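I am opening this notebook to keep track of what I look up in the structure, one topic at a time. The entries follow the order in which I went through them.

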Amino acid sequence: MKGPVDIRKALRSFTFAGAGIFNLFRYENNARIHLIACIAVVIAGVGFHISPMEWIVIVIQIALVWAAEAFNTSIEKLADLVSADYHPVIKVVKDTAAAGVLILAISAVITGGIIFVPKIILLF
Ligand SMILES: Nc1ncnc2c1ncn2[C@@H]1O[C@H](COP(=O)(O)OP(=O)(O)OP(=O)(O)O)[C@@H](O)[C@H]1O
């Protein structure tokens, strides 16, 4: 009899999700840009000794942008499968999905500015 949780099934799901993360950074230019920005922010966070609360906010912001990028890529792939030719609805679908990433990226930039700009100003 199976237990309440199927560990093997959960591990299989983790493997598939891991492959999704690998594909995201392997093939998607925007995801790689976000990865470079993330590395720069982590280096700045360590360099400026930001507080645990600031780390929490930054980790949430990074996760939100990456998750949005993953959903956006997924929608793009599905849209390409549905219609390889130009279609006005596909345009709206792709543009709207991209808007989701842009909104969260702007939020991340503003958050980064609030955390780091005062610390950078103090250097001068
Ligand atoms: N089949 C299509 N029908 C209508 N418009 C499209 C179609 N494919 C792409 N577009 C338009 O081109 C834009 C870019 O689409 P594309 O799929 O190239 O995404 P991208 O942002 O360049 O991402 P990536 O390079 O990762 O695929 C879309 O936001 C949309 O406006």
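**Entry: histidine 49**

I began with histidine 49, which is exposed because 8 other C-beta atoms lie within 10 Å of its own, and I kept in mind throughout that this is a predicted model. I then looked up where histidine 49 sits, and found it in the loop between helix 2 and helix 3. Its phi is near 50 degrees, a positive value in a residue other than glycine, and this positive phi comes just after helix 2.

**Entry: helix 2**

I went back along the chain to helix 2, which covers residues 29-47, and noted that its 19 residues reach 27 Å from the first C-alpha to the last, close to the 27 Å expected at 1.5 Å a residue. Which residues of helix 2 are buried? I found Ala31, His34 and Val41. They cover an arc of only 80 degrees around the axis, so they lie on the same side of helix 2. These buried residues pack against helix 1, helix 3 (52-82) and helix 4. On the face turned away from the buried side I listed exposed residues, among them Ile33, Ile36, Ile39 and Ile43; Asn29 and Gly47 are also on that exposed face.

**Entry: helix 1 and phenylalanine 25**

I turned next to helix 1, residues 7-27, where 21 residues reach 30 Å from first C-alpha to last, close to the 30 Å expected at 1.5 Å a residue. Helix 1 is hardly covered, since the count of buried residues among its 21 residues is one. Within helix 1 I picked out phenylalanine 25. Is phenylalanine 25 buried, partly exposed or exposed? I recorded it as partly exposed, because it has 13 C-beta neighbours inside 10 Å. Leaving aside residues up to four places away in sequence, phenylalanine 25 touches Ala31, Arg32 and Leu35. I also checked phenylalanine 25 against alanine 70, which is 45 residues apart from it in sequence and 9.7 Å apart from it in space, C-alpha to C-alpha.

**Entry: the ligand**

Which residues are around the ligand? I wrote down Glu28, Asn29, Glu76, Ser83, Tyr86, His87, Ile90, Lys91, Lys94, Asp95 and Ala98. Sorted by class, this shell has three nonpolar, three polar and five charged residues. I then asked which helix gives the most to the shell, and the answer is helix 4, residues 88-122, with five residues.

**Entry: threonine 96**

Staying with helix 4, I looked up threonine 96, which lies in that helix. Threonine 96 counts as exposed because 11 other C-beta atoms lie within 10 Å. Its C-alpha atom is separated by 9.0 Å from that of asparagine 72, although the two residues are 24 residues apart along the chain.

**Entry: the UniProt record**

Last, I consulted the UniProt record, an unreviewed entry, which lists residues 33-50 and 96-121 under "transmembrane region". I compared both spans with the model: the end C-alpha atoms of residues 33-50 lie 23 Å apart, and that span is 83% helix and 0% strand. For residues 96-121 the end C-alpha atoms lie 37 Å apart, and the span is 100% helix and 0% strand.

Definitions and conventions
Residues numbered from 1 in each chain as written. Predicted model: local features only at pLDDT ≥ 70, side-chain atom pairs only at ≥ 80, totals over all residues. Helix = DSSP H or I, 4+ residues; strand = E, 2+ residues; numbered from the N terminus. Expected span 1.5 Å × (residues − 1). Buried ≥ 20, exposed ≤ 12 C-beta atoms within 10 Å, placed from the backbone. Near = placed C-beta within 6 Å. Nonpolar A, V, L, I, M, F, W, Y, C, P; charged D, E, K, R; others polar. Arc of directions from axis to C-beta. Contact = placed C-beta atoms within 7 Å. UniProt positions renumbered as here; feature names shortened; annotations may be inferred.
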